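Here is a short walk through the model in your viewer, one selection at a time. Keep the selection box handy and follow along.

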Amino acid sequence: MIPNRVVAAALSLGFVAVPASAQTAETLITSGVQAYENLDFDAAARLLRRAFAVPSGDSLTTAMRAQGLVYLGASEIFRGNSDTAQAVFGRLVRLDPRHRIDQFVFPPEVATVFETVRRRTIATVVEVPSSTSFSIGAAGLHVRVYSSSVHTLSAEVLRRDGTLVRTLYAGPIGDSLMVDWDGRANGGAIVPPGRYLLSTASLDANGTVARAVRVPLDVEVAREDTLPLPDPPADSLLLPERRMGGPGIEALAGGVVLGAAVIGLSSALVPASELAIGRYTVGLSIGIAGIFGFLQQRPGRPLVANIEANDRLRARWRAERLAIERENAGRLSNVAFTIRAAAAQVIDRGQ
Amino acid sequence: MPVRAPLVLAWCILGLAGPLDAQQVAFGASVGAVRLTRENQAGKVLLSATSVGVEGAIGVSVVGLGFQYAQGSLRGGTTPDQDLVEGELMVSLRPVRNLAFLFGPHARALVSRLGTERWLLYEGRVRGEAVLVGPVRGRLDVWRVVGSNVNVPEAFDSGYGLDGVLTVTLPSFPLGLSLRYRAERAQLANDTRRESIEHLTLVLGLR
């Protein structure tokens, strides 16, 4: 043990000798891990804390940051700082709720502390594909939520102003949860294109929001063009459905005038007619036919043939309109979505 | 060939004159009763006859051409029998649907063993027509004699006439039946002689 401690101390001193500003966070983490493996937990803790304190610490990848935190927490355990270790592990769980302790690397006491912290820490991470395209009726936007512990979660789609559009899920979450959004609002209507937020809220036992994750969504909606509906038959195409005055008046006036003229003029022309029966037969026949024609074609009388022809025309129009409405309904239901997701924003509240 | 040439020529003229659907053609055969009354200083004579004849008309757009022919044998009283032969050829112009103007010669011959009396009258007519009910039409021609050439001793003074026709056309067949009453009066020698002739005719025609 002693030689190891000596080596570790020497290594630590060697690193300390280098100005901190000249060391990158990644180098410090690597050194901290080496110090841990050399059982120099004080040096490991010091190096790892410094890794997160230097300016370049912010640029660390999540994996590197998690590695640093787990070694820092383990170092604190072996330094006897259990509370500090729990705080470090809490930070690790919030950074990566899916993180698990490698039991081939760390002893059981470290794993036990980590698991204790993980179970009491409410943390979630939301994974959304950066770009998703789907048609209505097909699989929608797949959202996977990973959780550090069992808790109550709600997942919603909101407008940018916070107005609720669709509740995707509300209930318990264990390890992970998959929810889909089909592009519809709560009422079933297809949402208009625009910017939305995918929002998850993790609730603690008191019902207080412990963590909220918001993923900006840019929704594009492409619809097939609909066909214009046909206009109803123009008045000029419809036949008159009731008799106008023309034919009836012509029959009446023509019959009476012509019939009277035949009788009257022939009586003046040939007063002592030898064929009077002829003039009266023809004249009266013309007059009676005119009156009968007027009665048959009197104004306002329904024209059955025209009414039937108009009904056929209107029926054709209704059938054409119905067919186009059906076609348009099919086209309207054929909606294609493209949803682009931006980086998630995480809001944690005091844990 | 000599027989077909005029028909072909007539068909070509009709074809050039207007589209086929604007052409109207009608032909018919007639049978009827005729009463001829002659009044002069010697008294009044009434002659009666049964006549048969043919008639026809063709119209292209607003212009038309019609003819009538009838003949019969007049008998009555002590007057010798006379054969009546009548014919007319009228050109018509129809400016509006219900109104037409006609003009043409109207010839009449009265043939007896004493000789032949020829009347050639040029008449100007006005025709009014109306559709009465469905296939029934009414028509009235009123005319005046505007020129004459007669070989009777008396001078021709004036002449008037009218022709009333009731026509029924079968709706599904181009067959028409007409009942016609015609009355004419002519005055001669300062109204010392009057001739009136009336026809009541039934015409069966194709159109």
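Start by selecting Tyr36(A): leaving aside residues up to four places away in sequence, its contacts are Phe41(A), Ala44(A), Tyr71(A), Ala74(A) and Ser75(A). Bear in mind as you look around that this is a predicted model.

Now widen the view to the core around that tyrosine. Tyr36(A) is among the residues with the most contacts inside the largest nonpolar core, which has 33 residues. Others in that group are Ala44(A), Leu47(A), Leu48(A), Tyr71(A), Phe89(A) and Val113(A). To see where the core comes from, colour H2, H3 (41-53), H4 (62-78), H5 (82-95) and H6 (108-120) of chain A, since each supplies at least two of its residues. Which helix gives the most to this core? That is H3(A), with 7 residues. In soluble globular proteins, nonpolar side chains tend to be buried together.

Next, select residues 25-37 of chain A, which make up helix H2. This 13-residue helix reaches 18 Å from its first C-alpha to its last, close to the 18 Å expected at 1.5 Å a residue. Show the side chains of Ala25(A), Leu28(A), Ile29(A), Ser31(A), Gly32(A), Val33(A), Ala35(A) and Tyr36(A): these residues of H2(A) are buried. An α-helix has 3.6 residues a turn, so residues three or four places apart point the same way. Just after H2(A), stop at Leu39(A), where phi is positive, near 65 degrees.

Time to switch to chain B. Its secondary structure consists of 1 helix and 10 strands, and the helix comes ahead of the strands when you read from the N terminus. Of its 207 residues, 34% count as buried. Among chain B contacts between residues at least 6 apart in sequence, 49% join residues at least 24 apart.

Select 99-112 and 115-133 of chain B to bring up strands S5 and S6, an antiparallel pair with 14 bridges. The two form a hairpin with 2 residues between them. Zoom in on Phe101(B) and you will find Val126(B) of S6(B) opposite.

Add residues 136-150 of chain B, strand S7, which runs antiparallel to S6(B) and is joined to it by 14 bridges. One pair to pick out is Val131(B) with its bridge partner Arg137(B) in S7(B). In the S6(B)–S7(B) hairpin, again with 2 residues between the strands, Gly134(B) takes a positive phi near 50 degrees.

Terms used: Residues are numbered from 1 along each chain as its sequence is written. Chains are lettered from A and ligands numbered from 1 in the order in which they are written. This is a predicted model: local features need pLDDT of at least 70, side-chain atom pairs count only at pLDDT 80 or more; totals for chains, interfaces and linings use all residues. Helices (H or I, at least four residues) and strands (E, at least two) are DSSP runs, numbered from the N terminus. A residue is buried if 20 or more other C-beta atoms lie within 10 Å of its own, exposed if 12 or fewer, and partly exposed in between; C-beta atoms are placed from the backbone. Two residues are in contact if their C-beta atoms, placed from the backbone, lie within 7 Å. Two strands pair if DSSP finds at least two bridges between them. The expected span of a helix is 1.5 Å times one less than its number of residues. A nonpolar core is a set of buried Ala, Val, Leu, Ile, Met, Phe, Trp, Tyr and Cys residues joined through C-beta atoms within 7 Å.
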